[in-house]
Amino acid sequence: MAAPAAPTGIYKWASETGEFKRQVSSFRNEISPDGPFPPEANRYHLYVSLACPWAHRTLIVRALKGLEDIISVSVVDPLMGPNGWHFSEASETPGAIPDICNGFKYIREVYFKAEPEYSGRFTVPVLWDKKNNTIVNNESSEIIRFFNNQFDVWSSNPGVTYYPENLRSQIDELNTWIYDQINNGVYKAGFASKQEPYEAAYNLVFDGLAKVEAILAKNKFLVGETLTEADVRLFTTIVRFDPVYHTHFKCTGGTITHDFPNILRWARQIYQMPKVAATVNMKHIKEHYYKSHLQINPFQVVPVWNGPDLSLPVKQ
C-alpha cells in the first residue's frame, strides 16, 4: 500500500520525526501602566476563534472580569482554509463577528499589518492596539493575565483575581504539567504522523487526566476552593475532549462523560458560572476541527455528539 501524501503548507503540523511541535508565540509585549501599551478603556481589540481552546481562555477571563464593554472582539469563521482563519458575517456564520477594527478578511492581514515580514503561523488569540495599529501579544497565557490584572478600574468584577499571589506557585506548577500532558498533549497525539510519538502523547494525556481526576476527588477546584486561571486553562480543553479530541485526535482511552466523574462535576461547576456558557459554541468547535483538518478527516463529516451536557445539576 502506498504511503499517504505528506501534508503541506497550513496542513503540515508534524515534524519529520512525526512529532507535533507547537510554534512559540512571537508577539510578547506587555500591557502595563509604565510601558508603551498602558491599560486604557476601548484601546484594545481581541481577535479570537470560538473553536480554539487558547482563544477561548481569553474570552472566559474577559467575561469573568466584566471587560466586554472596554475590550472589543472579532470572531473568525470556524473553517480554517488554505489562507488560515477568515472573517464572516453573522448572517453567513452565526456566532462570527467580522473585523470591526481593521476591516480585514483574514487574520493573516492582521499579522502583516503589524509585521510586514512576518513568516510564522497566523494564530489566535491576538490582542491588537487600536492606537498604535499593531499587535500587542498573541500568547493566550499572557493575555489572560493582562485581563486579570490591568483593567480593574473598568471591570464590573473588580478586585477578583484568578492568579492570587498566595497561590501562584501552585498555579504555575499545575499549568506546566497540564499544558504539556493535556492542553498540548491532545494536539501532540492528534497531529502525530508516526505511531511512536502518537502513543507517547496518548499515554501522557491519560496520565495527566488521571492526576487531575485525583486532585478533583479532594478539591472543588484545582487549587482547593478557589477558581484560578489553572481551572480556566484546563476547562477549555476538557469541554472539547469528548466531542473532538477523543475521536478526532485518537485520544480514545476514555471519555470525560463516562470515566472521569470528578472532572465532569468540576466542568459543570465552571460551565454554570455566570457568563461562561455563553463563551462555549460547540457548533464552531466541531465545525473547525472536523472540517479544517483535512489530513485527518478528508470527507469533513462532523460527528453528532456534543459530549456531556454541562448544564445538568452539579453532583457534589
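**Helix packing and some individual residues in a predicted model**

Let me begin with Arg-43, which, once its neighbours within four places in sequence are set aside, is in contact with Pro-36, Phe-37, Pro-38, Ile-70, Trp-128, Asp-129, Lys-130, Lys-131 and Asn-132. I should say at once that what we have here is a predicted model, and everything that follows should be heard with that in mind.

Arg-43 sits in the segment before β1, the strand that covers residues 44–48. Is this arginine buried or exposed? With a relative accessible area of 6%, Arg-43 is buried, because the cut-off for that class is under 20%. The side chain of Arg-43 also has a polar partner, since a polar contact at 3.0 Å joins it to the side chain of Glu-40.

One of the residues that Arg-43 touches is Trp-128, and this tryptophan belongs to strand β3. Trp-128 has a relative accessibility of 0% and therefore counts as buried. If you would like a long-range distance to check in the viewer, the C-alpha atoms of Trp-128 and Val-280 are separated by 23 Å, with these positions 152 residues apart along the chain.

Staying around β3, I would like to point out two features of the backbone. The peptide bond that leads from Val-124 to Pro-125 is cis, with omega near 10°, and Pro-125 itself is found in the loop that runs between α2, residues 107–114, and β3, residues 126–129. On the other side, in the loop between β3 and β4, where β4 spans 134–137, we find Asn-133, which has a positive phi of about 55° although it is not a glycine. Asn-133 counts as partly exposed, at 36% relative accessibility.

A positive phi is also found at Gln-300, again not a glycine, where the value is about 60°. Gln-300 is placed in the segment after α10, and with a relative accessible area of 33% this glutamine is partly exposed.

Now to the helices. Two packed helices are described by the angle between their axes and the distance between the axes, and I will take three pairs in that way.

The pair α4 and α6, which cover residues 168–183 and 195–218, has axes that come within 8 Å and cross at roughly 140°. Why do we call this pair oblique? Angles over 145 degrees would count as roughly antiparallel, and the value of roughly 140° falls outside the parallel and perpendicular ranges as well, so α4 and α6 are oblique to each other. From α4 the contact draws on Leu-174, Trp-177, Ile-178, Asp-180, Gln-181 and Ile-182, and these meet Leu-204, Val-205, Asp-207, Gly-208, Leu-209, Lys-211, Val-212 and Ile-215 in α6. Sorted by class, the residues of this contact are nine nonpolar, two polar and three charged.

For α7 and α9 the axes are 10 Å apart and the angle is about 105°, so these two helices are roughly perpendicular to each other. The contact involves Asp-231, Leu-234, Phe-235 and Ile-238 on the α7 side, together with Ile-263, Trp-266, Ala-267, Ile-270 and Tyr-271 on the α9 side. By class, there are eight nonpolar residues, one charged residue and no polar ones in the contact of α7 with α9.

Ile-263 deserves a moment of its own. This isoleucine is in helix α9, residues 261–271, and at 0% relative accessibility Ile-263 counts as buried. Which residues does Ile-263 touch, not counting those up to four places away in sequence? They are Leu-209, Val-212, Glu-213, Leu-216, Ile-238 and Ile-256. For Ile-238, the C-alpha to C-alpha separation from Ile-263 is 8.3 Å, across 25 residues in sequence.

Finally, α7, residues 229–248, also packs with α10, residues 282–292, and here the axes come within 11 Å and cross at roughly 20°. The two helices are therefore roughly parallel to each other, and their crossing is right-handed. Val-239, Arg-240, Pro-243, Val-244, Tyr-245, Thr-247 and His-248 of α7 make this contact with Met-282, Ile-285, Lys-286, Tyr-289 and Tyr-290 of α10. Among the residues of the contact of α7 with α10, eight are nonpolar, two are polar and two are charged.

Key
Residues are numbered from 1 along each chain as its sequence is written. This is a predicted model: local features need pLDDT of at least 70, side-chain atom pairs count only at pLDDT 80 or more; totals for chains, interfaces and linings use all residues. Side-chain values use heavy atoms; hydrogens and water are left out. Axes are lines fitted to C-alpha atoms, for helices over the stretch in contact, and angles run from 0 to 180 degrees between N-to-C directions. Helices (H or I, at least four residues) and strands (E, at least two) are DSSP runs, numbered from the N terminus. Angles under 35 degrees count as roughly parallel, over 145 as roughly antiparallel, 65 to 115 as roughly perpendicular and the rest as oblique. A crossing is left-handed if the near helix is turned anticlockwise from the far one by less than a right angle, and right-handed if clockwise. Contact means heavy atoms within 4.5 Å. Ala, Val, Leu, Ile, Met, Phe, Trp, Tyr, Cys and Pro count as nonpolar, Asp, Glu, Lys and Arg as charged, and the others, Gly among them, as polar. Buried means under 20% relative accessible area, exposed over 50%, partly exposed in between (1.4 Å probe, protein chains only). A polar contact is a pair of N or O atoms within 3.5 Å; within protein, one must be able to donate a hydrogen and the other to accept it, and residues adjacent in sequence count only if both atoms are side-chain atoms.
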